Amino acid sequence: MEASSVERFFTSVTEFKDYEDYLDSKLTPTDLFYLKSRELARKLVEHGHKGMILSREEFEERKAAAEAPKTEQSSVFYSRSRPTTLASAGKELNDNFLKALAEREEANRSGKMTSIIFIRDYNTLGHEVSGYIDYAHRLKIQDFEQYFCGKKRLMPGRSDLCYYNWTTQTSTSNCSPNFEVIYDDPNGLLFKSKRDQRMLKLDPWSGSGEDSSRVLLQSDLYVQVVLYDHSVRVV
């Protein structure tokens, strides 16, 4: 995909009130005339019949990220004096994956640790997708209470570190505030910590790298889940 196409695809979402408003922006009067139903027209857009489109989760993630700086600025005084409220606090967690996220939440929020989540599963369209998620970054831009409560499932998206849709063969990669994606290494795909410049390796046979560990989890929520934890050194 060319850079210009990516820029057009990820147009700023702040101009839209909600996901439905975003879908409506892709419709034309002709679409509504022939389909007779706005809901049907939205479904067709969401399923990609009008070209590449953000999923609902990706839209909400990007909108939250765009609005995050405003929220952070308005609450900076309080955040210095009040302890961090954990989204997992007080939740009854039965799945191993959610328990593991809860165990790592405080360390990722405080910067002591940066974790990468690998998820492989099926999205709402039935497509098999997989990807690597910067947990600490997602914690800053999303409300994780919805995941710990079971209202939503955490899934990889096009704006995460790496994303691949096995059905459409769509792939994307992005550096995050905590990690740089490294492709041209003999050991394969790597993530370089921006905090201490150390490499996090994904190959289970070569080790995870210095100050890093790999945990394969059995989860009832996903086909496959792996957590990579990197203890941050101040350099």
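Which residue forms a salt bridge with E145, and how many Å apart are the closest N and O atoms? The partner is K91, and the two atoms lie 3.5 Å apart. This pair links distant parts of the chain: E145 sits in helix 8 (residues 145-148), while K91 belongs to the loop between helix 5 (56-81) and helix 6 (96-110), 54 residues away. E145 counts as partly exposed, with 36% relative accessibility, and K91 counts as partly exposed at 24%.

Please keep in mind that this is a predicted model. A search of the whole structure turns up eleven salt bridges, and here are some of them to get you started.

| Salt bridge | Closest N to O distance |
|---|---|
| E145 and K91 | 3.5 Å |
| E103 and R104 | 3.9 Å |
| R104 and D229 | 2.8 Å |

Now take a look at R104. The side chain of R104 meets that of E103 in a salt bridge, and R104 also forms a salt bridge with D229. The pair of R104 and D229 links distant parts of the chain, with R104 in helix 6 and D229 in strand 9 (residues 224-231), 125 residues apart.

Are these residues buried or exposed? R104 has 11% relative accessibility, so it counts as buried, the cut-off being under 20%. D229 counts as buried as well, at 7%. E103, by contrast, counts as exposed because its 64% is over the 50% cut-off.

One more group is worth finding in the model. Salt bridges with shared partners join D24, R38, E39 and R42 into one network.

Note on methods
Residues numbered from 1 in each chain as written. Predicted model: local features only at pLDDT ≥ 70, side-chain atom pairs only at ≥ 80, totals over all residues. Heavy atoms only, no water. Salt bridge = Lys/Arg side-chain N within 4 Å of Asp/Glu carboxyl O. Helix = DSSP H or I, 4+ residues; strand = E, 2+ residues; numbered from the N terminus. Buried < 20%, exposed > 50% of the residue type's maximum accessible area, 1.4 Å probe, protein only.
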